[in-house]
Structure formats: C-alpha cells, structure tokens
Amino acid sequence: MTKLNEMTIVEAARALRARECSVRELWDACAAAAHEKNPELHAYLEIFEADDAAIESAQKRIDTEGESAQLLCGIPLAIKDNILIEGKIASAASKMLENYRATYDATVIKKLKEAGALFLGRTNMDEFAMGSSTEHSAFGPTKNPHDISRVPGGSSGGSAAAVAAHLCIAALGSDTGGSVRQPAAHCGIVGLKPTYGAVSRYGLIAMGSSLDQIGPLAKSITDARIIHDAISGKDALDSTTIPNGLYGVHKISKHLRIGVPYHLLGEGVDKDVLAAFDTVLDKLTQAGHEIIEIKLPMSTTALAAYYVIMPAEVSTNLARLDGMRYGHAARGETLLDDYINSRTEGFGEETRRRILLGTFVLSSGYIDAYYYKADTARAVLRREYEKAFESCDVIAFPTTPSPAFKFGDKNDPLSMYLEDIFTVTANLTGMPAISVPMGTVEREGKQLPVGIHITAPHQAENSLFTAGSALQ
Amino acid sequence: MATTEDVKKLAALARIRVEDTELEKFTNEFDAILSYIGQLETLDLHPASCILPPVLRNVMRVDGEPHQAHAYTEKLAEQFPSREGDALSVKQIIQHD
C-alpha cells in the first residue's frame with residue numbers, strides 16, 4: 001500500500017472511507033513526514049500542532065456521512081503564508097509581518113474548513129509573493145526535493161516542495177505572474193491558476209490586484225480540480241469574483257484542438273525541454289487531440305508590460321504597510337521617520353526594488369510612456385488570445401524555458417524576471433492556465449522535472465482538466 | 001539613464017530608504033530593468049483604438065451590517081504597535097513650534 005502521506009486526495013479519501021486508515025493516522029503520517037524533512041527542505045515556515053477538534057469532527061463526518069462526505073474531509077493541506085487562517089501568523093515571508101496574526105479566515109480557508117480539510121502548516125514563499133525561487137523569503141529559501149542544490153521555483157515554492165516531497169496531500173498557492181505554475185513545473189506536480197475572478201481573494205495578502213489568483217498545487221489533475229471546485233465561486237467579500245457562465249458556456253469536446261505558438265519556442269528554450277514538449281504533443285495527438293500552429297505576436301512584449309503593471313500595483317498595495325496599525329513598527333524622531341524606518345527595516349531588497357519601480361512607472365511624466373502603454377499592450381494581448389481561441393480550444397507551450405536553476409544562479413533581478421516569460425500571459429489576459437508534468441531532463445546527473453503549460457479561454461477550466469488528463 | 005539622485009527621489013516618494021552602500025547597485029539594476037521594459041516604447045499602439053471598454057457589471061450587495069459591532073475590535077487592537085489600555089497611540093502629527 002502507498003504510504004499515507006504519499007497518497008493523492010482521491011486515494012486518501014477512498015482509504016478513509018474504506019476504514020483503511022483514520023483521519024488521525026493520515027494527519028500523523030503527513031505531520032511526521034513534514035517534521036522529518038522540513039529541516040532539510042524548509043518548505044514550511046511553521047508546522048501547526050494537531051487540531052484535535054477538527055480531526056475528530058472530520059472523522060465523525062466520514063463515519064456518519066460515508067460516501068456523501070466531501071472528498072476534502074480529513075485531508076491535510078499546506079497553505080501558502082500569504083493566505084489568512086484565523087489565529088495563525090500570516091507573514092507573507094516578510095519581516096514586516098513576522099508577528100502578524102490573522103484576525104479572520106480567508107474565504108478559501110473558510111470554504112476548506114467547511115469541507116472538513118485540515119491545515120498542516122504555512123509554507124515558505126518569496127516575500128509578498130515576489131520572486132521565482134523563494135530566495136527572496138526573509139526566512140531563508142526552500143530547497144527543491146529533486147535536487148537540494150536547486151530552487152523549487154516560486155513564489156509558491158514552499159507549497160510546491162511540500163506537495164512534491166509528500167509533506168502534505170496537496171496545497172494552496174497564489175499566482176500573480178506564474179507563482180503556482182512555475183514552482184509546480186520545477187517540482188514535478190500539477191499547478192492551476194484559475195480564471196481571474198473564479199476564486200475569492202478575500203484574506204489573501206494582495207500583491208498585484210488585477211493579476212492575483214489563488215490556486216491549488218496537487219499530485220494529480222483530479223486533485224487540483226477537487227480543490228478548485230471547493231474554493232471557487234462568487235463571494236460578496238470580493239467584488240472581483242464572477243458568477244458561473246459569465247463568459248458563456250464552453251462546450252468541452254472529447255478531442256481538443258491544441259494551439260501551439262511555435263514562433264515563441266525558438267531562442268531561449270533549452271533543447272531537451274523542447275524535446276520533452278514534442279514528446280508530450282505526440283502523446284496528445286495519439287489521444288485523439290489535434291495540434292494547430294498559432295501566432296501570438298504580442299507575447300514577446302508581455303513580460304515587459306507585466307513588469308510595469310505588476311510593480312505599479314505592488315507599490316500601491318504595499319503602501320498600507322507603514323508601521324502604524326500592524327506589522328513591523330520602528331520609531332524615529334518624526335512621524336515620517338516612523339514610516340521610513342518601518343518600511344526600510346520591514347521590506348527585503350526585492351520588495352523595495354519593486355516598490356521603487358512601481359513608484360517610477362506611476363509618476364507624473366512617465367505614466368503615459370510606461371503604465372498606459374503597458375495597459376494597452378495587455379488589451380492587445382488579450383485580443384490576440386481571444387482571436388487564437390477561435391481556431392483552437394487550448395494553447396500549449398512549456399511552463400518554463402529551463403528546469404530548476406541552482407541557488408544564486410540568477411542573482412541579477414532581470415534574469416530572475418525572465419523565468420516568468422511564458423506564465424505571465426495568463427495573468428495579463430485573466431485566462432485560466434495549468435502546468436502539468438511533462439517528464440524530466442538531466443542536469444549534472446540529476447533528473448529534473450519540467451512542465452507543459454496549457455491555457456484556456458475565461459472560465460474554461462474544464463478544457464484544462466481534459467487536456468491535462470490525457471497526459472497522466 | 002537612471003541616476004542615483006533619481007533613485008533617492010523615488011525612495012523618498014515611496015517612504016523607504018536606500019542606504020548609500022546599496023545606491024549604486026540599485027541604480028544599475030534599475031537601469032537594466034528600465035531598458036528591458038523600454039521595449040514597450042517601440043510598440044505603435046494607440047490606447048483609444050486598442051482598449052475595448054470593459055464589460056461593465058454592477059456589483060450589488062445587501063445594504064446591511066457586515067458583522068456584529070465590536071466583533072473584531074479587540075483582535076485588531078491587539079495588532080497595534082503601541083497601546084495603553086484603550087488608547088492606541090501614534091506620534092504627534094501637528095508640530096507646535
């Protein structure tokens with residue numbers, strides 16, 4: 001039998017209902033693995049004590065409701081450190097919020113609690129979700145379970161490593177420019193960024209409000225779907241959430257037309273990553289799906305537009321952290337000193353860099369040249385995608401140009417930003433996208449996972465699950 | 001080209017401090033990033049013709065009390081950096097010269 005902590009949600013739910021294990025045994029197996037491996041991997045910033053009442057209540061539900069109990073009942077999950085759980089610290093891996101204790105549950109947490117899910121701990125990330133490696137965490141980086149000399153990706157790197165190393169059954173992350181999908185690809189698991197507005201961000205520490213979405217990191221497509229179904233839906237507490245069917249009903253055909261923008265896959269993508277991609281496309285063709293060549297010319301400037309829009313929103317969202325009401329509070333001579341000291345001591349280097357960049361692109365004299373131009377490029381990109389979807393159901397390319405890199409390899413900011421080159425488009429267009437494992441490539445004798453990235457039109461998550469299932 | 005003075009000015013606007021020791025590094029990195037995002041300038045795009053009006057949706061909610069009065073008061077006050085009883089203190093804003 002598979003070890004309890006190595007199970008998927010579906011396997012664990014079945015084992016719980018078949019009385020092959022209890023909720024307590026499942027929790028203990030995950031917690032033991034987390035305590036054993038965390039000193040090496042640093043996936044968790046904190047592993048929670050067992051919540052006896054929640055464990056007993058989940059067991060009772062499974063005992064009384066049996067097959068009709070929700071699949072997530074009794075399942076231990078890991079939660080990214082920027083999602084609020086009442087009474088627990090939510091630091092966003094920043095010194096600024098090191099001692100900040102959440103005063104309420106995020107909507108996604110409320111929904112998961114109602115489903116009977118359990119929370120194992122809060123996972124490491126890049127500070128305020130800014131980065132692609134967890135190297136920007138104020139509390140030290142997470143290591144990739146496939147090779148501990150390499151990064152797990154980021155910013156949801158702690159969640160990805162925890163799932164890949166079986167230190168939990170599944171996890172939640174947040175995705176602003178690829179922060180769920182890129183670490184999922186680097187750790188060999190499934191990561192979903194839902195449609196903008198599909199999942200409530202109430203209780204998510206905001207980064208880029210026109211881009212952020214909460215998404216699952218899981219061991220299978222089905223698991224990602226189970227979590228997505230549990231957390232999505234309209235929420236009065238987040239006015240950006242959308243009702244079902246807002247973008248029309250998508251017919252899901254059994255045989256998908258898969259658009260591939262080959263013109264983007266020339267320079268900059270590793271040869272063996274491309275070979276893995278081709279192999280997976282063959283697999284999809286054999287499963288009856290059709291490959292179509294498409295063109296998305298604005299994609300080449302998407303990253304530049306993203307690095308204008310995102311910092312603009314970051315500098316706005318992080319303006320609230322000033323040492324007055326909560327968070328790190330340093331005191332100086334004047335009130336202005338209080339603000340400056342608190343923010344300078346509280347924010348790490350990358351966070352300060354992006355705040356400066358955001359301040360710049362929004363400043364008088366530059367807003368036309370940068371921000372409005374980027375917003376226009378974003379609108380054109382979205383139209384290009386909508387046009388492409390007239391001839392295909394989903395669009396596919398590799399999630400990242402290369403497998404996980406070594407710690408310190410990308411120490412200039414720009415080279416780190418280029419990690420997101422393929423993933424940012426889905427955040428800019430608001431469309432859902434998933435990263436699914438597509439095999440491994442070898443680096444220095446180690447097999448490193450790589451992922452295929454699939455995008456669908458707004459609210460067509462089901463097409464992603466259909467395409468993804470063909471690969472598993 | 002960004003200068004160290006530009007970076008200092010932005011830092012002042014953003015209420016953060018860039019130490020003198022970091023200033024040159026920050027300025028150089030800033031320059032590299034600006035030159036990358038500068039590729040946007042080469043695009044021949046006209047906002048009026050490209051940005052379609054968004055699909056407008058009115059977001060309504062019931063006009064009632066979102067939660068019981070005082071339900072969160074104590075929890076929020078606990079996070080306050082400086083507190084004496086029910087007084088939450090910050091530095092004096094108006095200076096009496």
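Leaving aside its neighbours within four places in sequence, which residues is Val441(A) in contact with? In this predicted model, the residues in contact with Val441(A) beyond that sequence window are Asp270(A), Asp272(A), Val273(A), Ala276(A), Pro403(A), Leu448(A) and Val450(A). The points below set Val441(A) in its surroundings and then turn to chain A as a whole, its core, helix 7 and the contact with chain B.

**Val441(A)**
- Val441(A) belongs to strand 10 of chain A, which spans residues 433–443.
- Because 19 C-beta neighbours lie inside 10 Å of Val441(A), whereas a buried residue needs 20 or more, Val441(A) counts as partly exposed.
- Between Val441(A) and Gly327(A) there are 43 Å in space, taken C-alpha to C-alpha, and the two are 114 residues apart in sequence.

**Overall build of chain A**
- Chain A has 15 helices and eleven strands as its secondary structure, and its radius of gyration of 21 Å is close to the 23 Å that the globule rule gives for 472 residues, so chain A is as compact as a globular protein of that length.
- Taken along the principal axes, the box filled by the C-alpha atoms of chain A comes to roughly 65 × 60 × 50 Å.
- Buried residues make up 61% of the 472 residues of chain A, and 75% of the contacts between residues at least 6 apart in sequence join residues at least 24 apart.

**The largest nonpolar core**
- The largest nonpolar core holds 163 residues, of which Cys30(A), Leu77(A), Cys168(A) and Val308(A) touch the most other members, and helix 9 of chain A gives the most to this core, with eleven residues.
- Leaving aside neighbours within four places in sequence, Leu77(A) is in contact with ten residues of chain A, among them Leu112(A), Phe119(A), Leu120(A), Cys168(A) and Ile169(A).

**Helix 7 of chain A**
- Helix 7, residues 221–231 of chain A, is mostly covered, with eight of its eleven residues buried; these include Asp223(A), Arg225(A) and His228(A) as well as Ile221(A), Ile226(A), Ile227(A) and Ile231(A).
- Just after helix 7 of chain A comes Gly233(A), which takes a positive phi of about 130°.

**Contact between chains A and B**
- Chain A brings 43 residues to the contact and chain B brings 35 residues.
- On the side of chain A that touches chain B, the elements giving two or more residues are helices 9, 10, 11, 12 and 13 of chain A, and helix 12 gives the most, with nine residues.
- By class, this side of chain A is made up of 26 nonpolar, nine polar and eight charged residues.

Note on methods:
Residues are numbered from 1 along each chain as its sequence is written. Chains are lettered from A and ligands numbered from 1 in the order in which they are written. This is a predicted model: local features need pLDDT of at least 70, side-chain atom pairs count only at pLDDT 80 or more; totals for chains, interfaces and linings use all residues. Two residues are in contact if their C-beta atoms, placed from the backbone, lie within 7 Å. Helices (H or I, at least four residues) and strands (E, at least two) are DSSP runs, numbered from the N terminus. Ala, Val, Leu, Ile, Met, Phe, Trp, Tyr, Cys and Pro count as nonpolar, Asp, Glu, Lys and Arg as charged, and the others, Gly among them, as polar. A residue is buried if 20 or more other C-beta atoms lie within 10 Å of its own, exposed if 12 or fewer, and partly exposed in between; C-beta atoms are placed from the backbone. A nonpolar core is a set of buried Ala, Val, Leu, Ile, Met, Phe, Trp, Tyr and Cys residues joined through C-beta atoms within 7 Å. The radius of gyration is taken over C-alpha atoms; the globule rule is 2.2 Å times the number of residues to the power 0.38.
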